[in-house]
Amino acid sequence: MRRRRLLAVTCALTASLVTGCGLVPGNSAPERRTVVVWLMKDSASQEFLDRFTEEFERIHGDLDLDIRIQEWTGIGEKVQAALDSDAADAPDVIEVGNTQVPQYIEGGGLLDLTLESMRDWGMDDWLPGLAEPGRQMSAQYGIPWYAANRVVIYRTDLFEQAGVTAPPKTREEWLEITAKLDSGGDQGIYLAGQDWYTLAGFVWDEGGDLAEENGGSWRGSLDTPAALRGMDFYRRLQALGEGPVDADEEHPPQAGVFAQGRVAQIVAVPGLARAVVQLNPDLDGKLGFFPVPGKTADKPGAVFTGGSDLVVPKNTDVRDGAIAVVEALAGAEWNTDLARTMNYVPNKTTLADQVAREEGVAAMAAGAAQGRATPSTPDWAKVEADNPIKEYMTKVLTGADPATEARRASRRITEALTAPAG
């Protein structure tokens, strides 16, 4: 039990000393309670937070917001400590990365918000890449807040020079256009060999996954026929440029490569376009966006969805206040406000039209409807720590047998997901 709840109990038991608890006879004003909210650095602008706080406190006259900004570095340990804490200033609402939610669910420290999600919050319209990691079995713990995912950023002038009048709608069309652009010293696409998030989308498109659960146990599944088809498409696309086969998209940073002016396309979040233009102002007005194409023209391809969920610790002593904060931040009004302010994708597919006027965000929102997250197991972080997917990709791109390397990588994933803790 937290100290502020103990204070309330003490005040109630000492009614004869009501003035000591801030209550005076004849004063019916409700006691104000504080909701401590942890949000991550740069997730929302200070201007947005100021506006939200003012409006929330106006509507909820008995609640004060105490928003505390956290750094991403070391946040996992800090959140876990908060979920186990009985301190008076422990958080009542926490923003967590969507793929981090399973580890906190596993620890048993989160409040089950299934009823509110079904009854009040329209969970059927949530982006799957945010909602699914926040769910265990049929219980919903993580509430989608905002999303971001990769799109294709392309040079409109190079497309025009190649006679391409519209962005591709299918993967095969994408290959054909990219091959046409890959000429005259220009790279059709810059795709690093170890960009495993982009690979994951192609694997999902084929009906495969990075790992699969069966009877409560997880195993790597890069060796399935579907996953191998996804890798084969990645290989064909990556060959239409000069991306390094033994590095990811940050080595070197692909914004710098794109800014050099001899690359027609990259796969990245739309915000990277700003960095490109800062490095090469001559590209201002020459960059466009389209969703990663799908296998067929009726919908974009699957993409890894990053972003954040909101969770409520089970040990909160202002449960109703915490739920009110989540309801407001994840609700249509403030969620679309945040999306417009920060160039995010809103948390529901039904809100995509709210960001349609911004080309990059609109492309991102279209892709987010097909978004997915990494396998929903608290042990996935072990896989990423010594990522066998990257090594697998490099081996295939340098000519090794895909099936053999996929089996080897799948075994390593399985070992990581089944290794005992400690």
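**Reading pockets, cavities and a helix crossing**

Colleague: Which elements each supply at least two residues of the lining of the largest pocket?

Modeller: Eight names to find: α4 (101–106), β6 (143–149), α11 (254–259), β10 (265–268), α12 (272–279), β12, α15 (359–368) and α16 (380–385). Keep in mind that this is a predicted model.

Colleague: Which of them gives the largest share?

Modeller: β12 does, with four residues of the lining.

Colleague: How is such a space found, and how much of it lies in the largest pocket?

Modeller: Start with the general idea. Roll a probe the size of a water molecule over the atoms, and the empty space that is left shows up. Here the largest pocket holds about 1,100 Å³ of space. Its lining counts 47 residues, and A148, R150, F304, G306 and G307 are the closest to its centre.

Colleague: What classes of residue make up that lining?

Modeller: The largest pocket is lined by 23 nonpolar, 16 polar and eight charged residues.

Colleague: What about the second largest pocket: how much space lies there?

Modeller: About 570 Å³. Its lining has 25 residues, with E213, W218, P375, S376 and T377 nearest the centre. Two or more lining residues come from each of α4, β4 (135–136), β8 (211–214), β9 (217–220) and α18. By class, the lining of this second pocket has 10 nonpolar, seven polar and eight charged residues.

Colleague: Now the cavities. How many are there of 30 Å³ or more?

Modeller: Two. A cavity differs from a pocket in one respect that matters here: the probe fits inside but cannot get out. The largest cavity has about 60 Å³ of space.

Colleague: Which residues line the largest cavity?

Modeller: Look for R150, Y197, T198, G201, F202, V267, V292, A302, V303 and F304. Two elements give two or more of the lining residues: α9 (196–205) and β12 (303–311). α9 gives the most, four residues. Sorted by class, this lining has seven nonpolar, two polar and one charged residues. Note two names: R150 and F304 line this cavity, and both are among the residues closest to the centre of the largest pocket.

Colleague: And what lines the second largest cavity?

Modeller: P388, E391, Y392, E405, R408, A409 and R412 do. The elements that give two or more of them are α17 (388–397) and α18 (402–418). α18 has the largest share, four residues. The space comes to about 50 Å³. The lining divides into three nonpolar, no polar and four charged residues.

Colleague: α9 has come up already. How do I read its packing against helix α10, and at what angle do their axes cross?

Modeller: Two packed helices are described by the angle between their axes and the distance between those axes. For α9 and helix α10 (residues 225–238), the axes come within 7 Å and cross at roughly 130°.

Colleague: Why is α9 called oblique to α10?

Modeller: Because of that crossing angle, α9 counts as oblique to α10. Antiparallel would need an angle over 145 degrees, and roughly perpendicular covers 65 to 115. The crossing of α9 with α10 is right-handed.

Colleague: Which residues meet there?

Modeller: From α9, take T198, L199, F202 and V203. From α10, take A227, G230, M231, F233, Y234 and L237. By class, eight of the contact residues are nonpolar, two are polar and none is charged. T198 and F202 are worth a second look: they meet α10, and they also line the largest cavity.

Key:
Residues numbered from 1 in each chain as written. Predicted model: local features only at pLDDT ≥ 70, side-chain atom pairs only at ≥ 80, totals over all residues. Heavy atoms only, no water. 1 Å grid on protein atoms, 1.4 Å probe; cavity = no way out; pocket = protein on both sides within 12 Å on 5 of 7 lines; lining within 4 Å. Points joined across faces, edges and corners; volume = space filled by probe spheres on them. Nonpolar A, V, L, I, M, F, W, Y, C, P; charged D, E, K, R; others polar. Axes fitted to C-alpha atoms, helices over the stretch in contact; angles between N-to-C directions. Parallel < 35°, antiparallel > 145°, perpendicular 65-115°, else oblique. Left-handed = near helix turned anticlockwise from the far one by under 90°. Contact = heavy atoms within 4.5 Å.
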